[in-house]
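Subject: Structure for your review, with findings

Dear colleague,

Please find below the structure that I am handing over to you. Kindly look through it first, and then read the notes that follow it.

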Amino acid sequence: MRITTLLLSALISLSCYAQGEVKEGFYRVRNYMSKRVLYVQSSYVKIIPETMSANLAGIVPWLEEGKSSISDPQCVIYFKPIGDGYDFQTQGMSTYSRINRPIQLLELGNTGAFQCYATDSGMTLYLCDLETDLTVARGRLQKWDKNYALELRAWQVFPVSEDDDDNFFGIRPTIEANGKYYASFYAGFSFKVASPGMKVYTVNKSQPGYASLKDVTDTEISSGTPVIVECTSSNPSDNRLQLTGINATPINDVNKLTGVYFCNGENYVDSYEHKLITIYDPDTMRVVAVSDDGRLCLAKTEKEEYFVKGTWKKEPVLCIPANTAYLKDSPENLSDEMILLPEKEYDVVTAIGTVEADVKKAGDIYSITGTKVKAAGENTDNLPAGVYIINKKKVVVK
């Protein structure tokens, strides 16, 4: 029925706000009774009109100790007033574009929290956290009925602001290289850097051995732009973003990175109903990682720290994590390690002509940083593509 479609589309984008009480902007949504925050972990919902029920496994309420909200785009939603209700936008989705009507909100008693509801043909459905054990980290999102406490259908909304020490959005780096902290990042909101010292990069050029980091720190990063963020520390509070909206002017430059919003993890990857994963293909994909000599790179790797483990057709697979960026290209354009260099440095290094040298007959071979990688006479058949110092000259090995 239309009512079920209406409500579930709302759930896809998170829920619960109040017209006149909540201004346009970004919020996190927390259940009044369970204290669990809503996360959009999948765009999938299954509607059963005959019974006015639905499968909402992709929308998950979590306690903070089970899933930290500060650095996770899955629990950030943009509230856009429209008509007498709202359009909820997150993770590349919009409720209004799906159901062609706003979502209604109503304050619940004197709780200061709001019910998220939809009414059609005289029937009303309310969003509820059905996990009544308040000690369990993971809740269960579903429609409310009279067997559950009213407070389980009450939702608090908290505005996200870079100036709010309790409800900001901060990048949590996942990589340490060259003495600096980095994270690949892909989100459904536009943003600017708020903390001093942070940098944001796209990858605008690449070839076997190297890729170019284009500094876009001083621009507004449009929603849906895959980037690499250089952080000032490992603490998200030092790496804050100013969330600026859902849409921004796209960066007028080549960006060779791509990104993924969802990765359901091992609980869902073998389920036809909830499968939303990107399986890592080592022939065509490179992930942001640390090179063998400690530099930031795009790498062909199977180190589990860079992936989410899952199963596909009952076989173990590695999956690209949610809200991260990666490079995808033809195998002939890739190498096992592609060192990420600032654009100017990339242009200098790749401008060096390929030297026709027989490395098998060369003396000691050094990396561009001066580290000996092969001694004279050693087997060089497995020498990775890159720039080396051979006989005191720079040599590009492809």
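The model is a predicted one. I begin with the two pockets, then turn to the protein as a whole, and end with individual residues.

**The largest pocket**

The lining of the largest pocket consists of 17 nonpolar, 12 polar and five charged residues. The volume of this pocket is about 920 Å³. It is lined by 34 residues, and those closest to its centre are Asp72, Thr174, Pro321, Ala322 and Thr324. Three elements contribute two or more residues to the lining, namely β15 (180-185), β22 (285-290) and β26 (324-328).

**The second largest pocket**

The second largest pocket has a volume of about 530 Å³. Its lining is made up of 27 residues, and Asp292, Asp293, Glu337, Pro384 and Tyr388 lie nearest the centre. At least two lining residues come from each of β22, β27 (337-342), β29 (372-374) and β30 (386-390). Which element gives the largest share of this lining? That element is β30, with three residues. Sorted by class, the lining of the second largest pocket holds 13 nonpolar, six polar and eight charged residues. You may wish to locate β22 in the model, since this strand gives two or more residues to the lining of the largest pocket and at least two to that of the second largest.

**The protein as a whole**

The protein contains three helices and 31 strands. It has 398 residues, of which 52% count as buried. If one takes the contacts between residues at least 6 apart in sequence, 69% of them join residues at least 24 apart. The accessible surface amounts to about 18300 Å², and carbon and sulfur atoms account for 47% of it.

**Asparagine 31**

Asparagine 31 belongs to strand β1 (residues 25-31). Is this residue buried or exposed? Its relative accessible area is 0%, so asparagine 31 counts as buried. A polar atom of its side chain lies 2.9 Å from the backbone nitrogen of serine 34. Beyond the residues up to four places away in sequence, asparagine 31 touches Arg36, Asp129, Glu151, Leu152, Arg153, Ala154, Trp155 and Gln156.

**Serine 233**

Serine 233 is located in the loop between β19 (227-231) and β20 (241-245). With a relative accessible area of 15%, serine 233 is buried, because the term applies to values under 20%. Two polar partners of its side chain may be looked up in the model. The side chains of serine 233 and aspartate 238 are joined by a polar contact of 2.7 Å. In addition, the backbone nitrogen of asparagine 235 lies 3.0 Å from a polar atom of the serine 233 side chain. When neighbours within four places in sequence are left aside, the contacts of serine 233 are Pro173, Tyr181, Asp238 and Asn239.

**Tyrosine 261**

Tyrosine 261 sits in the loop between β21 (257-260) and β22. This residue is buried, with a relative accessible area of 17%. How far apart are tyrosine 261 and glycine 92 in sequence and in space? They are separated by 169 residues in sequence and by 8.0 Å in space, C-alpha to C-alpha. Glycine 92 is also among the residues in contact with tyrosine 261. Leaving out neighbours within four places in sequence, the other contacts of tyrosine 261 are Gln74, Gln91, Tyr186, Ala187, Gly188, Gly224, Ala322 and Asn323. One of these contacts, Ala322, is listed with the residues closest to the centre of the largest pocket.

**Lysine 313 and lysine 314**

Most residues other than glycine have a negative phi. Lysine 313, however, has a positive phi near 55°. Lysine 314 likewise has a positive phi, of about 70°, although it is not a glycine. Lysine 313 is found in the loop between β24 (308-312) and β25 (315-319), and lysine 314 is in the loop between β24 and β25 as well. Are these two lysines buried or exposed? Lysine 313 is exposed, with a relative accessible area of 63%. Lysine 314 is also exposed, with a relative accessible area of 75%.

I would be grateful if you would go through these points with the model open.

Yours sincerely,
A colleague

How values were computed. Residues numbered from 1 in each chain as written. Predicted model: local features only at pLDDT ≥ 70, side-chain atom pairs only at ≥ 80, totals over all residues. Heavy atoms only, no water. 1 Å grid on protein atoms, 1.4 Å probe; cavity = no way out; pocket = protein on both sides within 12 Å on 5 of 7 lines; lining within 4 Å. Points joined across faces, edges and corners; volume = space filled by probe spheres on them. Helix = DSSP H or I, 4+ residues; strand = E, 2+ residues; numbered from the N terminus. Nonpolar A, V, L, I, M, F, W, Y, C, P; charged D, E, K, R; others polar. Buried < 20%, exposed > 50% of the residue type's maximum accessible area, 1.4 Å probe, protein only. Contact = heavy atoms within 4.5 Å. Areas by Shrake-Rupley, 256 points an atom, 1.4 Å probe, with all protein chains shown as cover. Polar contact = N/O pair within 3.5 Å; in protein donor to acceptor, adjacent residues only side chain to side chain.
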